[in-house]
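I am opening a fresh page for a structure I have not looked at before. I will go through it element by element and write down what I find.

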Amino acid sequence: MTYDATFRVWRGDAGGGDLQTFTVEVNEGEVVLDVIHRLQSTQAGDLAVRWNCKAGKCGSCSAEINGRPRLMCMTRMSTFGEAETVTVTPLRTFPVVRDLVTDVSYNYEKAAQIPAFTPRPREADGSHRMQQVDVERSQEFRKCIECFLCQDTCHVIRDHEENKAVFAGPRFLIRLAELDMHPLDVVDRRHEAQDEFGLGYCNITKCCSEVCPEGIHLTDNGIIPLKERVVDRRYDPLTWLGSKIRRRPRD
Amino acid sequence: MVELERHEYDVVVVGAGGAGLRAAIAAQESGARTAVVCKSLLGKAHTVMAEGGIAAAMANTYPEDNWRVHFRDTMRGGKMLNHWRMAQLHAQEAPDRVRELEDWGALFDRTPDGLISQRDFGGHRYARLAHVGDRTGLELIRTLQQRTVALGIDVYMECTVTRLLTGPAGGGGADGERGITGAFGYWRESGRFVAWSAPSVVLATGGIGKSYKVTSNSWEYTGDGHSLALQAGATLVNMEFVQFHPTGMVWPPSVRGILVTESVRGDGGILKNSAGNRFMFDYIPDFFRKETAETEDEADRWYEDKKNNRRPPELLPRDEVARAINSEVKAGRGTPHGGVYLDIASRRSPEYIRKRLPSMYHQFKELAEVDITAEAMEVGPTCHYVMGGVEVDPDTEAARVPGLYAAGEVAGGMHGSNRLGGNSLSDLLVFGRRAGLAAAEHARAHPVRTAPPDDALADAARAALAPFEREGGENPYTVQHDLQQTMHDLVGIIRTEAEMQQALARIAALKERVAALSVEGHRQYNPGWHLALDLPHMLLVSECIARAALERQESRGGHTRDDFPATDDEWSRTNLVCSQAPDGSVALTRQPLPQMPAELAEVFEEVPA
């Protein structure tokens with residue numbers, strides 16, 4: 001079952017770099033991250049890579065494998081032919097720090113801008129009561145492991161650095177959807193979703209849903225319903241009239 | 001003068017798992033300027049891997065449940081070696097800590113009444129674990145992460161602390177009192193140095209499992225906090241107790257050790273050997289006999305009717321189940337890949353399994369090509385958790401060094417000789433909060449800030465750069481591999497004096513190799529260099545484990561001696577405490593167990609077994 005594979009791994013830093021070719025042993029049942037670790041311990045001790053759980057739970061080891069955004073720990077070597085060259089490159093949407101590690105601070109900045117969760121008061125006995133069916137809608141989005149593969153693949157920012165200022169990316173659009181559907185939350189973020197986080201930039205090509213390792217239906221269950229809710233708020237003539245007459249606060 | 005960036009805070013929290021974030025939230029909310037320093041990106045800490053749930057006697061599913069029952073279960077699970085006061089505070093405060101997570105956005109699974117649903121787990125009398133499918137740790141970390149961000153707490157991500165700084169404590173203490181003055185570390189991304197001045201440091205660095213070959217722990221679990229505390233003058237307690245989770249994956253080799261949640265058993269899964277026997281019935285110890293089912297029928301009825309039936313033996317505490325699996329495999333009744341079968345497929349519907357255990361379904365499907373709704377899993381013990389840790393005051397989590405606090409896995413005492421599943425997440429919340437509050441209070445009482453002296457910073461910088469200075473030395477990965485093999489072979493689930501003596505000799509040799517190794521490349525995001533700096537921590541902690549394990553001549557919880565198989569009453573009154581002697585060696589002392597007050601001792605009489 002053991003064989004020698006050809007790996008091409010991008011090495012370099014913000015100043016530039018290139019693909020380096022390695023011949024490396026592969027054993028039964030291994031994933032791409034195992035092979036990257038073998039390179040580290042035998043051929044390239046300073047090869048930079050992020051990883052933590054190696055079980056698809058933390059979302060650290062994101063990279064592009066043969067051009068496709070994937071978690072290295074969940075990509076089995078058996079999905080490639082033994083003669084096939086495996087090419088591993090860093091996420092293209094984010095600036096390279098070194099080798100396979102990119103600067104993902106864009107995501108943390110966007111996360112900090114989203115108006116925080118604000119619950120309704122607890123019931124008299126100190127509990128919150130919610131039905132399972134109601135929590136499940138937001139739970140789907142809370143499965144997100146923040147691997148940022150959806151951000152990486154999204155064409156709005158993938159090759160358009162200039163859009164990053166006005167577009168939060170699919171990960172944070174579903175965070176907004178999650179809060180919007182949260183049974184306890186009382187804040188209306190629909191204006192921000194449109195005006196500050198760039199909901200309108202998404203033209204629902206569903207690439208994000210396709211690469212999500214958690215199988216979250218970002219577009220169908222999160223972004224499209226959020227778009228509909230924004231439209232309701234903005235273009236419903238009665239709401240519009242009401243907001244003019246009664247000067248309803250925006251939130 | 002060493003080139004570095006400097007920061008000043010009231011409280012610096014090292015680690016951004018559940019305990020670290022909960023401590024930071026508490027400190028910041030009580031008015032302290034707080035920073036979190038963590039080795040990975042925010043939200044990736046080991047807590048994210050916790051699956052089953054948070055143990056808290058909320059009584060949502062069983063009104064009979066209350067903190068006294070939880071306290072009793074915890075103490076019995078730890079074979080009575082737990083610090084009684086920690087176990088008491090933990091049981092009393094866990095329900096409030098869970099409820100407050102909902103105010104910060106957590107969405108737990110619900111009961112039909114709309115309350116937080118609670119599931120069964122090993123060693124717990126009642127269904128008690130608040131959960132979200134089998135990804136509870138992710139929910140916990142995300143909730144605390146989002147709260148941390150909402151409070152505007154400064155987070156130093158991908159930043160490693162290599163030293164704690166100590167000196168004259170800044171006012172408020174006795175004259176000549178020495179205490180924490182800050183911490184020193186480096187940015188992983190650039191390799192540049194950072195110094196934080198702060199009168200309070202909370203260690204929340206997690207565990208030590210990366211010193212073992214088969215482990216559910218990630219690269220981060222190198223015992224940094226244990227080692228930093230020891231070097232700063234604090235003490236470690238109960239280090240001989242290491243938990244091997246009974247169910248880790250065993251096949252394929254590259255995933256060996258990855259956790260298979262106890263919820264599989266809590267939700268109806270059973271263990272079988274290669275002959276198809278439900279072998280756990282052969283391993284019920286006298287200590288738990290009265291509360292464990294004797295027949296398969298009774299065990300199966302328990303899931304629906306807990307009042308009239310006793311718990312299945314698959315849900316004995318983890319130490320018991322891990323030893324039993326180990327014995328079955330050694331006796332030649334294991335699976336082809338050296339584990340036993342964990343079967344839920346023949347006992348629950350595919351829909352139920354996929355709903356309750358989505359991550360497990362996914363994990364086995366993707367990594368082992370096993371469909372757990374149709375076939376049994378192969379599982380075996382994996383190094384999972386260290387019960388031992390920094391010796392702390394139960395109410396404040398203060399270590400013996402003024403200004404130093406520890407919470408979560410890095411702290412010791414709470415779990416005694418064996419931790420019950422589900423008690424880790426609640427531990428993080430209860431003691432994380434208490435540590436954060438006490439650290440903030442200490443900072444208020446010590447208003448005079450002293451800048452760390454230049455020579456201490458220069459010395460820390462020199463030590464960190466040393467691996468680059470040496471040429472032609474060994475590669476750090478080889479040394480780490482040899483340490484993992486040593487701990488696996490010689491200080492594992494079953495221990496003997498001869499093997500541990502051998503382990504100590506090997507650790508001494510590994511220390512020399514670490515002092516001589518060299519790393520390639522430069523300081524920017526260099527994993528080889530990072531590992532070289534983690535290795536001394538791993539070796540120091542491994543030595544503590546081996547020394548304490550050698551000293552304790554009995555078997556109890558997560559410490560099993562082949563040469564002393566019985567539990568010994570004399571040892572039930574004794575803790576082993578590690579400290580660092582002036583020459584750098586590990587010193588071991590025996591210390592009497594704290595005396596439980598009579599009104600708590602009554603709990604063990606009043607609750608029916």
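Is strand β16 (residues 377-386) of chain B largely enclosed by the rest of the structure or left open, and how many of its ten residues are buried? I note at the start that this is a predicted model, and then turn to the strand itself. I found that ten of the ten residues of β16(B) are buried, so the strand is largely enclosed by the rest of the structure.

**Entry: the partners of β16(B)**

I looked up the neighbours of this strand next. Strand β13 (residues 242-249) of chain B is joined to β16(B) by six bridges, and the two run antiparallel; within β16(B), I located B:Gly380 opposite B:Gly248. Strand β15 (residues 340-343) of chain B is also antiparallel to β16(B), with three bridges between them, and here B:Leu342 has B:Met377 as its bridge partner.

I then followed the pairing outward and arrived at an open sheet of four strands in chain B, ordered β13-β16-β15-β14, with antiparallel pairing. The edges are taken by β13 and β14 (270-272) of chain B, each of which has a single partner strand, so one side of each is left without a neighbour in the sheet. On average, and ignoring direction, neighbouring strands of this sheet are turned by 45° against each other. I also noted that helix α9 (residues 318-330) of chain B packs on the sheet, where it touches β13, β15 and β16 of chain B, and that its direction makes about 60° with that of β13(B).

**Entry: another sheet in chain B**

Which strands of chain B stand at the edges of the open sheet β17-β12-β21-β22? This sheet has four strands with antiparallel pairing, and its edge strands are β17 (389-390) and β22 (586-592) of chain B, each pairing on one side only. Inside the order, strand β12 (residues 236-237) and strand β21 (residues 574-580) of chain B run antiparallel and are joined by two bridges, with B:Val237 standing opposite B:Val577 of β21(B). Helix α5 (residues 224-232) of chain B packs on this sheet through β12, β17 and β21 of chain B, its direction making about 75° with that of β21(B). Helix α16 (residues 527-551) of chain B lies across β12, β21 and β22 of chain B, and I recorded that it runs at about 45° to β22(B).

**Entry: a helix pair in chain B**

I checked helix α1 (residues 18-29) and helix α4 (residues 136-150) of chain B, whose axes come within 10 Å and cross at roughly 30°. That makes α1(B) roughly parallel to α4(B), and their crossing is left-handed. Among the residues that meet are B:Leu21 and B:Ile25 in α1(B), and B:Leu140 and B:Leu144 in α4(B). By class, the contact of these helices has six nonpolar, three polar and two charged residues.

**Entry: chain A and its contact with chain B**

In helix α1 (residues 32-42) of chain A, I found several buried residues, including A:Val32, A:Leu33 and A:Ile36. The buried residues of α1(A) pack against β1 (3-13), β2 (16-26), β3 (62-65) and β5 (86-89) of chain A.

Last, I looked at where the chains touch: 46 residues of chain A are in contact with 47 residues of chain B. The elements giving two or more residues to the chain A side are α1, β6 (96-98), α2 (105-113) and α3 (132-142) of chain A, and α3(A) gives the most, with five residues. I divided this side by class into 18 nonpolar, 16 polar and twelve charged residues.

Technical notes. Residues numbered from 1 in each chain as written. Chains lettered and ligands numbered in written order. Predicted model: local features only at pLDDT ≥ 70, side-chain atom pairs only at ≥ 80, totals over all residues. Buried ≥ 20, exposed ≤ 12 C-beta atoms within 10 Å, placed from the backbone. Pairing = 2+ DSSP bridges. Contact = placed C-beta atoms within 7 Å. Axes fitted to C-alpha atoms, helices over the stretch in contact; angles between N-to-C directions. Nonpolar A, V, L, I, M, F, W, Y, C, P; charged D, E, K, R; others polar. Parallel < 35°, antiparallel > 145°, perpendicular 65-115°, else oblique. Left-handed = near helix turned anticlockwise from the far one by under 90°.
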